[in-house]
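Student: I'd like to learn how to read a protein model, feature by feature. Could you walk me through one?

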Amino acid sequence: MKLDVPAHILAIPAYVPGKPVEELERERGVIGAIKLASNENPLGPSPLAVAAVRRSLDGVHRYPESGGFELTRKLAARLGLSPANIVLGNGSDDIIAMLAAAFLRPKDEVILARPSFQMYEIVARTAGAVPVEVPLKDFRNDLEAMAGRVTSRTRMIFVNSPHNPTGSMVERTEVEALAAALPPGVLLVLDEAYIEFVRAADHPDSRDYAGGGRPVVGLRTFSKVYGLAGLRIGYGIMPAPVAEILHRVRQPFNVNLPAQRAAAAALDDADFLERTLALVHAGVDYLTRALRALDLECLSTQSNFLFFRVSRPAQEVFEALLDRGVIVRPLAGYGYPEHLRVSVGRPEENARFVEALAEVLGR
Ligand SMILES: Cc1ncc(COP(=O)(O)O)c(C=O)c1O
């Protein structure tokens, strides 16, 4: 078939998702595999959210409410914001895409860390904009270097904290300095997909900017701590004038009804949230100790995953773990051929991963 595809679309790298358990079982005949590759909630979904989804099903012959009035109000109250500061998305991916659709023109520059979450580059290139990559410094977003790359063409800067795939964070003062230095017309997007897991005191918070003044947009999600990745729901926190623009490009029914109801119920499930945080924090501490006991360099993490170095081709270790039914994330595509990322699982999954890794490494 002869297709006439614009060169900027052909330049888009394909998104590489974590390997699904079903695929591994199909390909290698491994049974009972575990997936610690996509930073999902090891407890499953909130039971209150599941019940809310069931109840919502009788109403799915109708379109969901555009804009998610009830959920937006509830979120705003929870976050201490106004509903005018919140835009819901079909995952926070959807907010990233809306930002690009609304604000980027061809040849505009978008500053992002190398490596970082792939969607930033994908949406920038889709809009015909030019990604400007700034290497991490000591595995952290280098906000000073990012400020140094701002030109008259810069429209957007993506900062991800806690950072995927390293688990590192930037500090509140660093974000403030960058936001203060930006010329008018540049949006600072602070991707906070993992913020609920942060234990450090000086982490930035996009809510500080929702009142306006500085053009900062926060991205958050129900996919991680709330356990709703499969329903696809996230949101953006932003000054009201930015939200007003995003609503112009938003698909009218971008968040489905079961997802809206599940998210509202999950917000009320304090017990589930508490159990998730306790499990993840204990899992982070256990895995950090276990990886270091295997003599592996393992970065401290503020998130629900760990980034560690195996000091040999990590793809081989990844494959050997697959043979043992353990799926982690190889990071050669992120520029780290000797590193792996593992998501925190349930205690027995974490132990199985450590045991398999020790065996593969011959320790
Ligand atoms: C840094 C980062 N941002 C955004 C997302 C997308 O999350 P969502 O499921 O809300 O689209 C992810 C998902 O893994 C992520 O790691």
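Tutor: Let's go through domains, the ligand, helix packing and a few backbone details. Keep in mind that this is a predicted model.

Student: Okay, domains to begin with. Into which domains is the protein divided?

Tutor: Domain 1 covers 7–45 + 271–361, and domain 2 covers 49–268. Taken over C-alpha atoms, their centres are 24 Å apart.

Student: And how many residues does each domain give to the contact?

Tutor: Domain 1 puts in 29 residues and domain 2 puts in 28 residues. On the domain 1 side, the elements giving two or more residues are helix H1 (7–10), helix H11 (270–293) and strand S10 (305–309). H11 has the largest share there, with four residues. Sort that side by class and you get 15 nonpolar, 11 polar and three charged residues.

Student: There's a ligand too. Which residues come nearest to the ligand?

Tutor: Of the 13 residues around the ligand, those coming nearest are Gly 91, Ser 92, Thr 221, Ser 223 and Gly 234. By class, the shell has three nonpolar, eight polar and two charged residues.

Student: Now helices. What describes two packed helices?

Tutor: You use the angle between their axes and the distance between the axes. Try helix H5 (residues 92–103) with helix H6 (residues 118–126): the axes come within 9 Å and cross at roughly 30 degrees. Angles under 35 degrees count as roughly parallel, so H5 is roughly parallel to H6. The crossing of these two, H5 and H6, is right-handed.

Student: Which residues of H5 and H6 meet?

Tutor: From H5 you have Asp 93, Ile 96, Ala 97 and Ala 100; they meet Met 119, Tyr 120, Val 123, Ala 124 and Thr 126 in H6. That contact has seven nonpolar, one polar and one charged residues.

Student: Let me try H5 with helix H9 (residues 240–249). Are H5 and H9 roughly parallel or roughly perpendicular?

Tutor: Start from the numbers: the axes of H5 and H9 come within 9 Å and cross at roughly 95 degrees. H5 and H9 are therefore roughly perpendicular to each other. H5 brings Met 98, Ala 101 and Ala 102 to the contact, while H9 brings Ile 245, Leu 246, Arg 248 and Val 249. Six nonpolar residues and one charged residue make up this contact of H5 with H9, with no polar ones.

Student: One more pair, please. At what angle do helix H3 (residues 47–56) and helix H10 (residues 257–268) cross?

Tutor: Roughly 150 degrees, with the axes of H3 and H10 coming within 8 Å. The crossing of H3 and H10 is right-handed. Among the residues that meet are Leu 48 and Val 53 in H3, and Leu 257 and Arg 261 in H10. By class, the contact of H3 with H10 has 11 nonpolar, one polar and three charged residues.

Student: Last topic: the backbone. Which residues does a cis peptide bond join?

Tutor: One cis bond joins Arg 114 and Pro 115, with omega about -5 degrees. You'll find Pro 115 in the loop between strand S3 (109–114) and H6. Another cis bond runs from Ser 161 to Pro 162, with omega near -10 degrees. Pro 162 sits in the loop between strand S5 (154–160) and helix H8 (172–181).

Student: What about phi of Lys 107?

Tutor: Lys 107 has a positive phi, near 80 degrees, in a residue other than glycine. Look for Lys 107 in the loop between H5 and S3.

Definitions and conventions:
Residues numbered from 1 in each chain as written. Predicted model: local features only at pLDDT ≥ 70, side-chain atom pairs only at ≥ 80, totals over all residues. Domains from an automatic or database assignment. Contact = placed C-beta atoms within 7 Å. Nonpolar A, V, L, I, M, F, W, Y, C, P; charged D, E, K, R; others polar. Near = placed C-beta within 6 Å. Axes fitted to C-alpha atoms, helices over the stretch in contact; angles between N-to-C directions. Parallel < 35°, antiparallel > 145°, perpendicular 65-115°, else oblique. Left-handed = near helix turned anticlockwise from the far one by under 90°.
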